[in-house]
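Work through these exercises with the model open beside you. Try each task before reading its solution.

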Amino acid sequence: MDILPGTDSSDALPRRIGARDGLLSKVSVMGQVTTLLAMASTGIVAGALAHDAQMKDLLAAQARQLSAPTGAVPPASPLVPKPVRTLVIGAPPTTAPGRATASKAVSRSGTTRRTAPRTTTARRYAAPARTVVATAPVPARTRAPQPAPKAAAQPPKAAAQPPATTSSGS
Amino acid sequence: MTAVAEQGWAATRRRAIGTFVHLLVTDSRHLAEADALVAEDLDALDLACSRFRADSELSRLAAAPMPVTVSPLLAGALTAALDVAAATDGLVDPTLGAALRAAGYDRTFSSLPEDGPTAIRLPVCRDRWRDIAVDGCSVTLPAGVELDLGATAKAWAADRLAGRIAALGTGVLVNLGGDIATAGPPPEGGWPIEITDRPGGGVPVQTVTIESGGLATSSTTARTWRRGGSVMHHILDPVTGRPAPPEWNCVTVAAPTCLEANALSTASVVLGAAAPAWLVARGHPACLLARSGAVVRLNGWPEGPL
């Protein structure tokens, strides 16, 4: 098992930890492995491996990154273990309770856009309290086929949308 | 010109009161009667309120001894204009007839020459509209005041017509030169409206839909002419008596009535750079096209491609 990329496995676990680095004192081999992995998980490379020039560079880079201003995102360390994703087979999709789905309309350019929910249309005209303005949807001919008309007892459907009229300065 | 669709809606187009007229109904069975109402109403409106006809009530008003009794139609149009002046604190002023004439807009727009002598600058008398009294059909005008109801009469008439046609039992959209009023049940998906800064090939701004209320667009590029080489347009600043600085190519507002939408859009042109804040405070959806080409959308006006 490679602890570090490009490192020979025989060098991965030195028997002696460099006391001059001041990061680790003498510990058992197993302790070294545990400590190495623990410190790797926090982004800090074990001092026992600092004798490697490549690792020295990595140590320096890690130190700079950890002291960076708020908002800087250090690059992922090769030693940081990646989270394991658990795949649940057969779990039904869930949606947040109480979330209403907004109506969507396709604009003339073909991209899907959200439209304001339609206001309830009174069958008899009354002065509206508020006017809702929405982006125009795609004309009927580009929509999915509509369901068959309902029984005659149903109220008549609204007229199809006419072509746009123009509001221009005058 | 009439268009009838199998889906039920029907439409007619005509010219009247110096502009284009577009009528749409959701029930084609009512088209003929609705179209007759439009023709009759607009003929009466022109005879009552036109500044360009010597035989109109408005033209004879200034020379008449006060108070004078006018038709219910003129009294209604004048009352609507005064209501708008009050609501906009004078930004939309119905007493600018003389200033418009001095600026060169002294006949129907289609008859205006492309250029002429430099416009006369008249002394400005602000807020003369506050001295106008309307009591039923009895009107008292201050001496020397010339009325111009062009800013409000079309929108007021569109609202009136839409209400009368909806009473026939159909959904309706009435478009008088870009001032749009709707009434009754809308078609599936609402009434689609294309916004441009001037009719017949202007810069397209956006296409939107409304399901109720009114929508109006005011523009500094639709009605322009030259005087002494300077470009003039028809929306005057009541403070200076001159065309308002063309900060915006056009302003479009949607409101519960066409009259209100028109008042807000016209006042916004006069306000110039101050318009967005003023419109935000009033809460109605609005879209402003700047001279630079930038588009400002306010109060929930939908995003979308131009």
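**Exercise 1. Two strands across the interface**

Task: Find how strand β3 of chain A pairs with β10(B), and name the bridge partner of T135(A).

Solution. Start with the elements. Helices (H or I, at least four residues) and strands (E, at least two) are DSSP runs, numbered from the N terminus. Two strands pair if DSSP finds at least two bridges between them. Strand β3 of chain A covers residues 133-135, and its pairing with β10(B) is antiparallel, over 3 bridges. Now go to T135(A): its bridge partner in β10(B) is V208(B).

Before going on, note the ground rules. This is a predicted model, in which local features need pLDDT of at least 70, side-chain atom pairs count only at pLDDT 80 or more, and totals for chains, interfaces and linings use all residues. Residues are numbered from 1 along each chain as its sequence is written, chains are lettered from A and ligands numbered from 1 in the order in which they are written, and side-chain values use heavy atoms, with hydrogens and water left out.

**Exercise 2. The surroundings of β9(B)**

Task: Which strands does β9(B) pair with across to chain A and within chain B, and in which sense?

Solution. Take chain A first. Strand β4 of chain A (residues 165-168) runs parallel to β9(B), joined by 4 bridges. In that pair, T166(A) stands opposite E194(B). Next, stay in chain B. β9(B) and β10(B) run antiparallel and share 6 bridges. Here I195(B) faces Q206(B) as its opposite residue.

Last step: is β9(B) enclosed or open? Buried means under 20% relative accessible area, exposed over 50%, and partly exposed in between (1.4 Å probe, protein chains only). Of the 6 residues of β9(B), 5 are buried, so the rest of the structure largely encloses this strand.

**Exercise 3. Describing the interface**

Task: Describe the contact between chain B and chain A by its residues, area and polar pairs.

Solution. Count residues. With contact taken as heavy atoms within 4.5 Å, 59 residues of chain B touch 31 residues of chain A.

Then take the area. Buried area is the accessible area (1.4 Å probe) that two parts lose on being put together, summed over both. Between chain B and chain A it is about 3,600 Å², with 55% from carbon and sulfur atoms. E188(B), P192(B) and E211(B) supply 18% of what chain B buries against chain A, more than any other three residues.

Now look for polar links. A polar contact is a pair of N or O atoms within 3.5 Å; within protein, one must be able to donate a hydrogen and the other to accept it, and residues adjacent in sequence count only if both atoms are side-chain atoms. There are 11 such residue pairs across the interface (both at pLDDT 80 or more). Which strand of chain B gives the most to the side that touches chain A? It is β9(B), with 6 residues.

**Exercise 4. Backbone features in loops**

Task: Inspect P67(B), I17(B) and D89(B), and say where each one lies.

Solution. Begin with P67(B). The peptide bond from M66(B) to P67(B) is cis, with omega near -5°. P67(B) sits in the loop between α2 (57-61) and β4 (68-69) of chain B.

Next, I17(B). Its phi is near 45°, a positive value in a residue other than glycine. I17(B) belongs to the loop between β2 (10-16) and β3 of chain B. Its relative accessibility is 24%, so I17(B) counts as partly exposed.

Finally, D89(B). Its phi is near 55°, again positive in a residue other than glycine. The loop between α3 (72-87) and α4 (97-102) of chain B holds D89(B). D89(B) is exposed because its relative accessible area is 52%.

**Exercise 5. An open sheet in chain B**

Task: What is the strand order of the open sheet with 3 strands in chain B, and which strands stand at its edges?

Solution. The order is β4-β6-β5, with antiparallel pairing. β4 and β5 (133-135) of chain B are at the edges; each has a single partner strand, so one side of each is left without a neighbour in the sheet. Check one pairing: β4(B) and β6(B) (residues 138-140) share 2 bridges. There V68(B) stands opposite V139(B).
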